[in-house]
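Open the structure in your viewer and keep the selection tool ready. Each stop tells you what to pick and what is there.

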Amino acid sequence: MNAHHKPDPEAVAYTDQRWFTPGTHITVRGLTKRFNGVPVYENFDIDLPKGQIVSVFGPNGCGKSTFINMVAGLLPFDSGQILFEGKTIAETRIGYVFQNYREALFPWIRAIDNVHYPLKLMGVPKPERDRRIEQLAAGFDLKFDLNRYPYELSGGQQQTVSIMRSLVVEPEVLFLDEPFSALDYEMTLIMRDQLQKVLIARSTTTVLVSHDLEEAVYLADKVLLLTRRPSRIAAYMDVPLARPRSPQVLSEPAFVRLKAEALEVFQTAVRGS
């Protein structure tokens, strides 16, 4: 999953001399994507910081999932360049958590074997695989048995397994596409806190698509608010709230103010003004 050859010298030079900035992990320049001739992104530029959580939020159909799928290398784009500290996606180890956990896990093998699977593909020896999984299980404070099959687990437990499988490869960047949208509110609160704790402990660069503004602000160090198509940056907000964050933060004045600012930007973006 992580190539070991050197980055293209011209790409690195272009990055260093023209638009790479310290503290940036993902650099996007001139990103253009059209569906049936209709532009979704046109000459789109953004810098995503290293070791932080960026949430992506915007109107329905603005291309939130399209954006992270292009950055993650799952969807081709028409033109532009995306580099990870000067490297291409092929040279970068990534993790991806899909919205539909029921389809993401292999139902015919146990949960723990689902987590082992990518490490087996990478040729990681079993003792090291076991160590990583035990460490992750402790980080998530698991209260269920990984030796059960996915269909024997609740939705929240299945999504935890899916997230563990993405993190066990120790990704340089983790992408999550609305990971909690199929869960009830109580489980969503629990999962937000577990995920936040693990990501902060690991300093994993994370890009999260959310359809929930509260969640987008709560989890993020920065919130990327997009306009309608062709998507532009409506705002790129810092979220300077202390971590770890608990659900009590949701009612604190600083959080309420940040959410209100984001909502105002969103409503303007929806109106297209």
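Start by selecting P244, in the loop between β9 and α9 (253–271). This model is predicted. Now add R243 and look at the link between the two residues. The peptide bond from R243 to P244 is cis. Its omega is near 0°.

Which other stop shows a cis peptide bond, with omega about -10°? Select R229 and P230, which are joined by that bond. To place P230, find the loop between β8 (222–226) and β9 (233–238).

**Positive phi**

Next, go to D141. Find this residue in the loop between α5 and α6. D141 is not a glycine, yet its phi is positive, about 50°. Is D141 buried, partly exposed or exposed? Its relative accessible area is 41%, so D141 is partly exposed.

Move on to E170, in the loop between α6 and β6 (173–177). Here phi is near 55°, again a positive value in a residue other than glycine. E170 has 30% relative accessibility and counts as partly exposed.

Then select G123, which follows α4. Its phi is positive too, near 80°.

**Helix α4 and its neighbours**

Stay in this area and select helix α4 (111–122). Which residues of α4 are buried? Colour A111, I112, N114, V115, H116, P118 and L119: these are the buried ones. What do they pack against? Their partners are α5 (126–139) and α6.

Show α4 and α5 together. The two axes come within 10 Å of each other. They cross at roughly 130°. That angle makes α4 oblique to α5. The crossing is right-handed.

Now display the side chains at this contact. From α4, pick I112, V115, H116, L119 and K120. From α5, pick R129, D130, R132 and I133. Colour the contact of α4 with α5 by class: you get four nonpolar, one polar and four charged residues. Four of the α4 residues you just picked, I112, V115, H116 and L119, are also on the buried list.

**Helices α6 and α7**

Select α6 (residues 155–167) and α7 (residues 185–202). How do these two helices lie to each other, and at what angle do they cross? Their axes come within 11 Å and cross at roughly 15°. Angles under 35 degrees count as roughly parallel. α6 and α7 are therefore roughly parallel to each other. Their crossing is right-handed.

Show the side chains where they meet. On the α6 side, choose G156, Q159, T160, I163 and L167. On the α7 side, choose M187, M191, Q194, L195, V198, L199 and R202. Now colour the contact of α6 with α7 by class. You will count seven nonpolar residues, four polar and one charged.

**Aromatic rings**

Last, turn to the rings. How many aromatic pairs does the structure hold? There are nine. A pair of aromatic rings is described by the distance of the centres and the angle of the planes.

Select Y96 and F98. Their ring centres are 4.4 Å apart. The planes stand at 40°, so this pair is tilted. Now look at how each residue is covered. Y96 is buried, at a relative accessible area of 12%. F98 is partly exposed, at 40% relative accessibility.

Next, select F106 and Y117. This aromatic pair is edge-to-face. Its centres lie 4.9 Å apart, with 75° between the planes. Where does each residue sit in the chain? F106 is in the loop between α3 (101–104) and α4, while Y117 is in helix α4. They are eleven residues apart, and the pair links distant parts of the chain. Check the exposure of both. F106 has a relative accessible area of 22% and is partly exposed. Y117 is partly exposed at 34% relative accessibility.

For the final stop, select Y41, F44 and F67. Ring pairs link these three residues into a cluster.

Technical notes. Residues numbered from 1 in each chain as written. Predicted model: local features only at pLDDT ≥ 70, side-chain atom pairs only at ≥ 80, totals over all residues. Heavy atoms only, no water. Axes fitted to C-alpha atoms, helices over the stretch in contact; angles between N-to-C directions. Parallel < 35°, antiparallel > 145°, perpendicular 65-115°, else oblique. Left-handed = near helix turned anticlockwise from the far one by under 90°. Contact = heavy atoms within 4.5 Å. Nonpolar A, V, L, I, M, F, W, Y, C, P; charged D, E, K, R; others polar. Phe/Tyr/Trp six-rings, centres within 6.5 Å; stacked < 30°, edge-to-face > 60°. Buried < 20%, exposed > 50% of the residue type's maximum accessible area, 1.4 Å probe, protein only.
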